[in-house]
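Here is a short tour for anyone who likes to look at voids, helix packing and backbone details. Please keep the viewer open while you read.

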Amino acid sequence: MHTPPFPTHIQIQTTVGCGADCTICPHPVRSPHWSNGLMTDALFERIAGQLAGRPISYVCPYLMADGLSDKRIFARIARLRDALPAAHIELSTTGKYLGLRLADRLLDAPLSELRISSHGITAGQYARTMPGVPFEPAMDNILGFIERWRVCKPFALRVVCLWGLWSPEQERRIEAFWRRRDVEVVKWRVVTRAKQVDLTVFGSRSADPTAYADRGDPPYRCRFERDREWMHILSDGRVTLCCMDYGQQVIVGDASHQSLEQIWTGAAYRAARRSVRGEAVGPAAALCDRCEWRVSDADIESNATHRPHRPGAGRVKEWTTP
């Protein structure tokens with residue numbers, strides 16, 4: 001199975017801060033492996049300096065956190081754009097931090113896409129899914145930002161909603177609410193994040209057509225090619241296998257003293273990829289065994305809903321720095 005010589009997609013955990021306290025997310029994790037902190041400027045520059053000239057199509061300057069909780073995020077977005085003029089740069093946040101001061105800076109940032117997580121449109125839905133985000137000020141922030149964004153539309157704006165928590169009628173209302181405001185809705189099927197979240201508190205849910213309890217026979221693969229296209233860099237420089245590794249137990253390298261290319265092509269990453277495939281045992285195999293995103297090759301080939309997602313495909317905007 002082909003793995004490119006360098007990752008085409010990068011996630012950088014510039015900070016571990018969030019504050020949403022989502023019930024559908026394991027964050028914050030109380031693990032001896034968790035790296036709590038803000039990425040240093042020296043480490044960020046070490047990473048950014050290795051990206052220039054590389055065939056990277058997608059960059060997320062956040063991982064298991066809210067990008068806007070990093071006070072240096074705007075300078076870091078600008079640095080990434082300088083290194084990667086044609087890459088799709090996506091930032092994710094909630095309405096908690098979208099006040100006027102940050103909203104205006106966001107509209108001036110060289111982003112390709114902003115995603116706003118809003119797992120409901122009522123105070124009750126927020127209380128059940130995002131209890132750390134106060135509903136009324138957050139919704140005011142989001143709607144106010146949308147009005148400013150619609151004037152100039154400097155980048156794509158999408159609202160992320162998790163599907164499978166509410167009734168079909170409630171889900172239709174949520175989608176219609178955002179579409180009336182000229183905002184695209186990204187619908188992600190809610191998952192247990194490798195059995196790290198208890199979804200039974202939401203009651204009975206419709207079956208997820210894209211994740212089967214019986215995933216068939218190996219060889220397997222990550223539905224989103226997280227092991228073969230993406231690199232996930234934690235705030236202290238360690239590189240983890242994927243965005244589901246909240247316990248940070250599948251560490252494949254350390255960008256604080258290794259080059260990104262050394263990590264990507266190294267023995268630890270190769271072993272982890274074999275575990276994803278079901279060809280070896282180890283921490284990666286244990287994580288993937290619990291994950292809804294692990295599917296068989298046969299499922300990928302026979303079912304369109306399993307084909308790897310290509311975020312930002314066809315939406316890359318060329319940016320240049322003055």
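In this predicted model, the lining of the largest pocket has 24 nonpolar, 9 polar and 10 charged residues. The volume of the largest pocket is about 1000 Å³. If you want to centre your view on the largest pocket, pick Tyr62, Ser92, Val160, Trp188 and Arg193, the closest to its centre of the 43 residues that line it. Strands β2 (58-60), β3 (88-93), β4 (113-117), β5 (156-163) and β6 (184-189) are the elements that give two or more residues to this lining.

Next comes the enclosed space. The model has 1 cavity of 30 Å³ or more, and the volume of the largest cavity is about 120 Å³. Which residues line the largest cavity? They are Cys222, Arg226, Asp227, Leu241, Cys242, Met244, Val276, Leu287, Cys288, Cys291, Trp293 and Arg294. Sorted by class, 9 of the cavity's lining residues are nonpolar and 3 are charged, with no polar ones.

Here are the two linings and the helix contact discussed below, set out by class.

| Site | Nonpolar | Polar | Charged |
|---|---|---|---|
| Lining of the largest pocket | 24 residues | 9 residues | 10 residues |
| Lining of the largest cavity | 9 residues | no residues | 3 residues |
| Contact of α3 with α5 | 6 residues | no residues | 2 residues |

Now to the helices. Two packed helices are described by the angle between their axes and the distance between the axes. For helix α3 (residues 100-108) and helix α5 (residues 135-152), the packing angle is about 30 degrees and the axes lie 10 Å apart. Because angles under 35 degrees count as roughly parallel, α3 is described as roughly parallel to α5. The α3 and α5 crossing is right-handed. On the α3 side, the contact is made by Leu100, Ala103, Asp104, Leu106 and Leu107, which meet Phe145, Arg148 and Trp149 of α5. By class, this contact of α3 with α5 has 6 nonpolar and 2 charged residues, and no polar ones.

Two backbone details may also interest you. Most residues other than glycine have a negative phi, and most peptide bonds are trans. Is the peptide bond from Pro218 to Pro219 cis or trans? That bond is cis, with omega near 10 degrees, and Pro219 sits in the loop between β6 and β7 (220-222). Asp21, a residue other than glycine, has a positive phi, near 55 degrees. You will find Asp21 in the loop between β1 (9-12) and α1 (41-48).

Key. Residues are numbered from 1 along each chain as its sequence is written. This is a predicted model: local features need pLDDT of at least 70, side-chain atom pairs count only at pLDDT 80 or more; totals for chains, interfaces and linings use all residues. Side-chain values use heavy atoms; hydrogens and water are left out. On a 1 Å grid over the protein atoms alone, a cavity is a set of points where a 1.4 Å probe fits but cannot get out, and a pocket is an open set with protein on both sides within 12 Å along at least five of seven lines; lining residues have an atom within 4 Å of a point. Grid points are joined across faces, edges and corners, and a volume is the space filled by probe spheres set on the points. Ala, Val, Leu, Ile, Met, Phe, Trp, Tyr, Cys and Pro count as nonpolar, Asp, Glu, Lys and Arg as charged, and the others, Gly among them, as polar. Axes are lines fitted to C-alpha atoms, for helices over the stretch in contact, and angles run from 0 to 180 degrees between N-to-C directions. Helices (H or I, at least four residues) and strands (E, at least two) are DSSP runs, numbered from the N terminus. Angles under 35 degrees count as roughly parallel, over 145 as roughly antiparallel, 65 to 115 as roughly perpendicular and the rest as oblique. A crossing is left-handed if the near helix is turned anticlockwise from the far one by less than a right angle, and right-handed if clockwise. Contact means heavy atoms within 4.5 Å.
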